[in-house]
Amino acid sequence: MIPDNPGPLLIAVSIGELTLVVVGLIAIFRLGFTPKGRTVLTAPSPLPNWPISIIDFGLACLAVIVGGIAGQILAGFYANQPGLDENLRLMIYGGGFQGGLLAGAASASYTLRRQVASYCVSAEEAVPVADPLPPPAYNIWQAGSVTFVVAIPILLALSLGWTFILESFGLNTDKQELVDLFANTDSVPIVIGMTVLAAVIAPLAEELIFRAGFFRFMRKRTPRWLAYVLPAAVFASLHGNLFAFVPLFTLGLIFAYAYERTGNIRVSIIAHALFNLHTILLLLAGVEV
C-alpha cells in the first residue's frame, strides 16, 4: 500500500501502477473478447507431448532436490563465517539454494532432452521435413510482457481479497522474509545480489522445474485441471508464506497457461522475471507490497 502524504516518487509509481493495471485490463479484453484474441486462446497448443517415463521424471526431480541441497551446503561454507551481516547471510543461503535448483534443473533438462530426441528418432515420431511446424506467430518478449501485464490486475484484485480474508480471521499477513530483507536493507551489494537472484536465477530455476518439468509431465497424464493446480500449489507452498500463497498460486496458473499457449518456456521465464523485477522496483520506491 502507498503511505499517507506520498512524495513525487511514490506519486509517479502510483501512476505507473495504474497504467499497468489499465494496460493489463485492455490486454485481457483483447484476448478474451475479440475474435483475434479468442482465436489465439482456442488454437491447439503447440506444446508437444513429453514421452518420458515416470522413472526418468523421478530421477530428474531427484537431481533438482540434490542440486538445491548441495547449493545450500556450499553456500553455508561462506554464510557461516563469524561476523557476517544477517541480511547478507540470508541472501547467500537463498542464492545457494536457487542456484543449486537451477543447476539440477539444467542438468535434468539436458538429460531428458537427449532421451526424448533418441526416443523420437527410434520411434520415427520426429516431425517430417516436408510438413514442418509453423513458426510461432509471436515474439517471445512480447508474449512474456503481455503475460506479465495480464497478471497485474488479476493479482491486484486477488491480493486485496486475500488480505481482507486473512485479516478477518486474524491470520498471519507477514510478508516473505526475503521481501522484508530487500525492503529494509541499505546495502548496495545486497540489493544487487537480490535483484540478480529474483530477476534472473529464480525465474529460470522455477519455470524449468514447475512449468517445463512438473506441469508438462502431468499435462497429458492427469486431468488438465490437476496439471494446472498441483504444480501451482506446490510452487506457492514452497515460498513458505501464507500471505503470498494465493498471488503465487495464481501466478503459477498464469505462467503455465502462457507456456501451454505458446509452447515456449522462455515466455513464462520472461513474464516471471518481469514480475519479480516489478516487485523489486516497488520495494526500492518505498511501496509496501
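A residue counts as buried when its relative accessible area is under 20%. In this predicted model, Val13 falls on the buried side of that limit, because its relative accessible area is 17%.

**Overall architecture**

The protein chain holds 10 helices and zero strands, so that, read from the N terminus, its elements follow the order α-α-α-α-α-α-α-α-α-α. Of its 289 residues, 41% count as buried. When contacts between residues at least 6 apart in sequence are considered, 77% of them join residues at least 24 apart.

**Three individual residues**

Val13 belongs to helix α1, which spans residues 8-33. Its C-alpha atom lies 7.5 Å from that of Leu282, although 269 residues separate the two in sequence. Leu282 is also one of the residues that Val13 touches, together with Ala285 and Val287, when residues up to four places away in sequence are not counted.

Ile201 is found in helix α7, residues 188-219, and with a relative accessibility of 23% this residue counts as partly exposed. The C-alpha atoms of Ile201 and Leu102 are separated by 7.2 Å, while the two residues stand 99 residues apart along the chain. Neighbours within four places in sequence left aside, Ile201 is in contact with Leu102 as well as with Gln98, Gly99 and Val196.

Asn241 lies in the loop between α8 and α9. Is this loop residue Asn241 buried or exposed? Asn241 is buried, because its relative accessible area of 11% is under the 20% limit. A polar atom of the Asn241 side chain lies 3.1 Å from the backbone nitrogen of Phe243, and, residues up to four places away in sequence not being counted, Asn241 touches Asp174, Lys175 and Gln176.

| Residue | Location | Relative accessible area |
|---|---|---|
| Val13 | α1 | 17% |
| Ile201 | α7 | 23% |
| Asn241 | loop between α8 and α9 | 11% |

**Packing of α8 with α9**

The loop that holds Asn241 stands between α8 and α9, and these helices, formed by residues 224-237 and residues 242-262, pack at an angle of about 135 degrees with their axes 8 Å apart. That angle makes α8 oblique to α9, and α8 passes α9 in a right-handed crossing. On the α8 side the contact is made by Arg224, Tyr228, Val229, Ala232, Ala233, Phe235, Ala236 and Ser237, which meet Phe245, Leu248, Phe249, Gly252, Leu253, Ala256, Tyr257 and Glu260 in α9. The residues of this contact divide into 12 nonpolar, two polar and two charged.

**Packing of α7 with α10**

How are α7 and α10 oriented relative to each other? The two helices, the latter comprising residues 265-284, pack at an angle of about 150 degrees with their axes 9 Å apart. Angles over 145 degrees count as roughly antiparallel, and α7 and α10 are therefore roughly antiparallel to each other. Their crossing is right-handed. From α7 the contact draws on Val191, Met194, Thr195, Ala198, Ala199, Ala202, Pro203, Leu204, Glu206, Glu207, Arg211 and Ala212, and from α10 on Ile265, Ser268, Ile269, His272, Ala273, Asn276, Leu277, Ile280 and Leu284. By residue class, the contact of α7 with α10 divides into 14 nonpolar, four polar and three charged residues.

How values were computed. Residues are numbered from 1 along each chain as its sequence is written. This is a predicted model: local features need pLDDT of at least 70, side-chain atom pairs count only at pLDDT 80 or more; totals for chains, interfaces and linings use all residues. Side-chain values use heavy atoms; hydrogens and water are left out. Axes are lines fitted to C-alpha atoms, for helices over the stretch in contact, and angles run from 0 to 180 degrees between N-to-C directions. Helices (H or I, at least four residues) and strands (E, at least two) are DSSP runs, numbered from the N terminus. Angles under 35 degrees count as roughly parallel, over 145 as roughly antiparallel, 65 to 115 as roughly perpendicular and the rest as oblique. A crossing is left-handed if the near helix is turned anticlockwise from the far one by less than a right angle, and right-handed if clockwise. Contact means heavy atoms within 4.5 Å. Ala, Val, Leu, Ile, Met, Phe, Trp, Tyr, Cys and Pro count as nonpolar, Asp, Glu, Lys and Arg as charged, and the others, Gly among them, as polar. Buried means under 20% relative accessible area, exposed over 50%, partly exposed in between (1.4 Å probe, protein chains only). A polar contact is a pair of N or O atoms within 3.5 Å; within protein, one must be able to donate a hydrogen and the other to accept it, and residues adjacent in sequence count only if both atoms are side-chain atoms.
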